[in-house]
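Me: Please walk me through the structure shown here, one strand and helix at a time. I'd like the terms explained as we go.

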Amino acid sequence: MRQESASPTRHLRVHRHRGHTVLEFRGEIDIASAAEITPHLDRETGRPGARIVIDLRRIEFFDCSGLRLLYRARHQVLEQGGQVHLVCTHPLTLRMLRITGLAGMLPPRPTLEEVLGVSLPAARRTGR
C-alpha cells in the first residue's frame, strides 16, 4: 500500500510504500541540494528500525555530495538497527557507486518492486 507523499524540498520526495519509507531524490544532487536534503534524510534515517529505500531513478546529476548522502543514510539506518536499500538505473551514478565501493555496501537494484520483493504480473514485467 502506498501512502501520500511529501516533498520537503524540490530535490526530495518522501512517501511510504509497503512498510518502507521511500526517499526519492530528484534533479541535480550536488552540494546545494545535499544541504537541503540532509535534515530530512536525518529525520527519516534516524528512526529505530527504519526500513528505508533511496530511489535515484529521477536524478539528472549526482556528484560526491550525493555519495556522502548515501553513505550517511546507510550508516544512520544500520546504526539504528534498520534496513536500507538503493534503487538506481543511472549509468554514470552506477559507475560512481562501483568505483567508490559503495555499490558493495549498498547494492543498487533497478526497480522499487525488486527491492521490496514484489512480484509483478508477467504482462507488466515484459511490457505486453
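Reply: Gladly! Two strands count as paired if DSSP finds at least two bridges between them; strands (E, at least two residues) and helices (H or I, at least four) are DSSP runs numbered from the N terminus. This is a predicted model, where local features need pLDDT of at least 70, side-chain atom pairs count only at pLDDT 80 or more, and totals for chains, interfaces and linings use all residues. Residues are numbered from 1 along each chain as its sequence is written, and side-chain values use heavy atoms, leaving out hydrogens and water.

Me: Which residue in the hairpin of β2 and β3 takes a positive phi?

Reply: Strands β2 (residues 12–17) and β3 (residues 20–29) pair in the antiparallel sense over six bridges. Within this pairing, V14 stands opposite L23 of β3. Two residues lie between the strands, and the positive phi, near 50 degrees, belongs to R18.

Me: Which residue in β4 is the bridge partner of E24?

Reply: Strand β3 also pairs with β4 (residues 51–62), in the parallel sense and over eight bridges. In β3, eight of the 10 residues are buried (under 20% relative accessible area with a 1.4 Å probe, protein chains only). Across in β4, the partner of E24 is D55.

Me: At which residue in α1 does the kink lie?

Reply: Helix α1 covers residues 31–45 and reaches 20 Å from its first C-alpha to its last, close to the 21 Å expected (1.5 Å times one less than its number of residues). At its start, a side-chain oxygen of D30 comes to within 3.2 Å of the backbone nitrogen of A32. The kink is about 40 degrees, taken between axes fitted to the seven residues ending there and the seven starting there. Shortly before the proline P39, the kink lies at I37.

Me: Over which residues is the pLDDT below 50?

Reply: The chain's mean pLDDT, the predictor's confidence in each residue from 0 to 100, is 89, and 87% of its residues reach 70 or more. One stretch has four contacts (heavy atoms within 4.5 Å) beyond near neighbours in sequence. There the pLDDT is below 50: residues 120–128.

Technical notes. Buried < 20%, exposed > 50% of the residue type's maximum accessible area, 1.4 Å probe, protein only. Polar contact = N/O pair within 3.5 Å; in protein donor to acceptor, adjacent residues only side chain to side chain.
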